[in-house]
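Hello,

Here is the structure I promised to hand over, with my notes below it. Have a look at it first, and then read on for what turned up.

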Amino acid sequence: MPPSALSKLQSAVTQVKQVNVLKSTQVEDSPAIKVCVRVRPFIKEEVEGQRSGGECKLCIDMPSETQVRILNFDDPDDDSRAFEFDRCYWSHSKDHPFFATQETLQTELGEIMLEHAMNGFNNCIFAYGQTGSGKSYSVLGGKDEERGLLPRVVEGLFDHFAKLPQGATYKTLVAFMEIYNEQIRDLLAPADSEIKKLEVKQHPVLGTIIPGLTEAAVASCEEVLNLVDYGTQMRHVSATAMNATSSRSHCIFTFKTSLTEPDQPSKVSQTHLVDLAGSERAGRTKATGDRLKEGAAINQSLSTLARVISELAKSAKTKKKPNPPFRESKLTYILKESLCGNSKTVMMAAISPNFTDYDETLSTLKFSQSVKQVQTKAVQNAVNMSSVEAQLRAELNALKSQLQAIQARLMRGAPKLRDVQWTDLDLVRLWSFGGESFWIQSQRWLPPGVQMVGAYQRAVAF
Ligand SMILES: Nc1ncnc2c1ncn2[C@@H]1O[C@H](COP(=O)(O)OP(=O)(O)OP(=O)(O)O)[C@@H](O)[C@H]1O
Ligand SMILES: [Mg+2]
């Protein structure tokens, strides 16, 4: 690094205060999507592989926990570009004052998502960035200390459940899917089952749904982690010149919780953890055949995501009703609610530290800036089960007294049946009770005092 650039970076480091913005109430209450950036270490593909032919030149700096800067060594006049985000994670080298581990992410992001879920708020975190920038590492991670957010959040969820007061009940459903070449695949479907063609639908009450997608009811952390392992093995991953374990699909892990504490409204929530496939340039990944086709589908859905974000960001400024092209890709259609509806959403932008990736990193940082403008409308999903129960009871009692009244009249004397109507459903409507109607479906259900004759052709009364 040239000495002038180095001194610029050093002076910047001392200037800015460290603030953990995500934890601050002020930002926490803001409806905007929170944006975090994470920079990874140099990887094998850079040091000895085809990714950058052994060229490793650090072009990223983090003067504070909310600032990231990118240096252009090719153009000394191009002042380094600085960006401000909700949180910046330095995972490039352990000796840095802001070094962030997988545990740091769990403490700051995972725990907050869990708190939201337990309080009945929907959540979404999605990892975005160029291929090989560290998205899957952040979301799924590796073994033991390298475990990513997903397994840690699942562990945390069951820790929260274990601390619930006596009498509280909870239910959890999990789903895991990938979008591969613009097709939704159920990652929890049995390996030998027929591949189902899954489609996204908008339901007037339930919102975005994917009929046929497995939603497994789970009771323990171990059960969920086994499902995650199973689904991860089913996911499309291949080696490219840019990343030996490159995700060839976007994957979405979802858990839904329903929590009822004594004398409290039930709280329901849905949380998505999304590991996107990375944007890539065919020339650099050296992709051909299937890899090339996958890359094209990935780039196409990411460009739809970019257009959706740009439209939402524009409307946040102009206050005009947006018209984002959600339906143009499965990814954006599924994430519609998370991007502008009822959800507390975080984007984790993963970036490479290497100067050979300057263009891609700059484009990720610019995209992340526009995501910061986008606002969602999170509301607490609290359902008052006791009032629902009270309503159902009242309805049941009303029906019971109606039935009793009918039975009493029937017992008093023969009803005067004037008409019998047949419907498509093979229902018989008996008109006989002074305006009230009574439906029966078979002879077995005839009220006392009424008998059906002639192969259900007409009803007669005694
Ligand atoms: N913070 C980190 N610490 C250590 N290693 C990391 C870190 N982030 C990423 N890596 C390593 O970098 C490589 C690329 O990371 P990863 O597979 O997560 O990239 P990706 O963004 O998911 O790429 P793609 O879009 O191709 O799927 C992996 O070998 C991973 O282990
Ligand atoms: Mg990946």
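**What I found**

Contacts between residues 24 or more positions apart make up 69% of those in the chain with a separation of 6 or more. Please keep in mind that this is a predicted model. The chain has 462 residues, 38% of which count as buried, and its secondary structure consists of 13 helices and 22 strands.

**Around the ligand**

Let me begin with ligand 1. There are 19 residues around ligand 1, and Gly134, Ser136, Ser246, Ser247 and Gly278 come nearest. Two elements give two or more residues to this shell: helix 5 (135-139) and strand 13 (246-247). Helix 5 gives the most, with 3 residues. By residue type, the shell divides into 12 polar, 5 nonpolar and 2 charged residues.

The UniProt record, an unreviewed entry, has something to say here too. It places the feature "binding site" at Gly129, Gln130, Thr131, Gly132, Ser133, Gly134, Lys135 and Ser136. I looked at two of these residues, Gly129 and Ser136.

Gly129 sits in the loop between strand 6 (123-128) and helix 5. Gly129 counts as buried because 29 other C-beta atoms lie within 10 Å, against a cut-off of 20 or more. Leaving out residues up to four places away in sequence, Gly129 touches Lys135, Gly278, Ala349, Ala350, Ile351 and Thr364.

Ser136 belongs to helix 5. Ser136 is buried as well, since it has 26 other C-beta atoms within 10 Å. With residues up to four places away in sequence again left out, Ser136 touches Ser247 and Asp275. Ser247, like Ser136, is one of the residues that come nearest to ligand 1.

Leu276 is worth a look while you are in this region of the sequence. Its place is in the loop between strand 15 and helix 8, and Leu276 is buried because 27 other C-beta atoms lie within 10 Å. Beyond its neighbours within four places in sequence, Leu276 is in contact with Phe126, Ala127, Tyr128, Lys135 and His250. Leu276 and Arg248 are 28 residues apart in sequence, and their C-alpha atoms are 9.0 Å apart in space.

**The core and helix 9**

In soluble globular proteins, nonpolar side chains tend to be buried together. Here the largest nonpolar core has 83 residues, and those with the most contacts inside it are Cys36, Val37, Ile125, Leu150, Met347 and Ala349. The largest share of this core, 8 residues, is supplied by helix 9 (residues 289-318). Ile125 is a good place to start: setting aside neighbours within four places in sequence, Ile125 is in contact with Leu109, Met113, Leu149, Leu273, Val274, Val346 and Met348. Ala349 also appears among the residues that Gly129 touches.

Helix 9 itself has 30 residues and reaches 44 Å from its first C-alpha to its last, close to the 44 Å expected at 1.5 Å a residue. Which residues of helix 9 are buried? They are Glu294, Gly295, Ala297, Ile298, Ser301, Leu302, Thr304, Leu305, Val308, Ile309, Leu312 and Ala313. The buried residues of helix 9 pack against two strands, strand 7 (169-180) and strand 14 (250-260), and against helix 8 (282-285), helix 10 (330-334), helix 11 (336-340) and helix 12 (358-371).

**Backbone and loops**

Most residues other than glycine have a negative phi. Some here do not follow that pattern, and they may be worth a glance:

- Lys319, just after helix 9, takes a positive phi of about 65 degrees.
- Asn181 has a positive phi near 45 degrees. Asn181 is found in the loop between strand 7 and strand 8 (183-186), and counts as partly exposed because it has 16 C-beta neighbours inside 10 Å.
- Asp263 has a positive phi near 60 degrees. Asp263 lies in the loop between strand 14 and strand 15 (266-275), and is exposed, since 7 other C-beta atoms lie within 10 Å.

One more loop residue is Ile195, between strand 8 and strand 9 (201-203). Is Ile195 buried or exposed? With 9 C-beta neighbours inside 10 Å, Ile195 counts as exposed. Ile195 and Arg185 are 10 residues apart in sequence and 7.6 Å apart in space, C-alpha to C-alpha.

Best wishes

How values were computed
Residues numbered from 1 in each chain as written. Chains lettered and ligands numbered in written order. Predicted model: local features only at pLDDT ≥ 70, side-chain atom pairs only at ≥ 80, totals over all residues. Near = placed C-beta within 6 Å. Helix = DSSP H or I, 4+ residues; strand = E, 2+ residues; numbered from the N terminus. Nonpolar A, V, L, I, M, F, W, Y, C, P; charged D, E, K, R; others polar. Core = buried A, V, L, I, M, F, W, Y, C linked by C-beta atoms within 7 Å. Buried ≥ 20, exposed ≤ 12 C-beta atoms within 10 Å, placed from the backbone. Contact = placed C-beta atoms within 7 Å. Expected span 1.5 Å × (residues − 1). UniProt positions renumbered as here; feature names shortened; annotations may be inferred.
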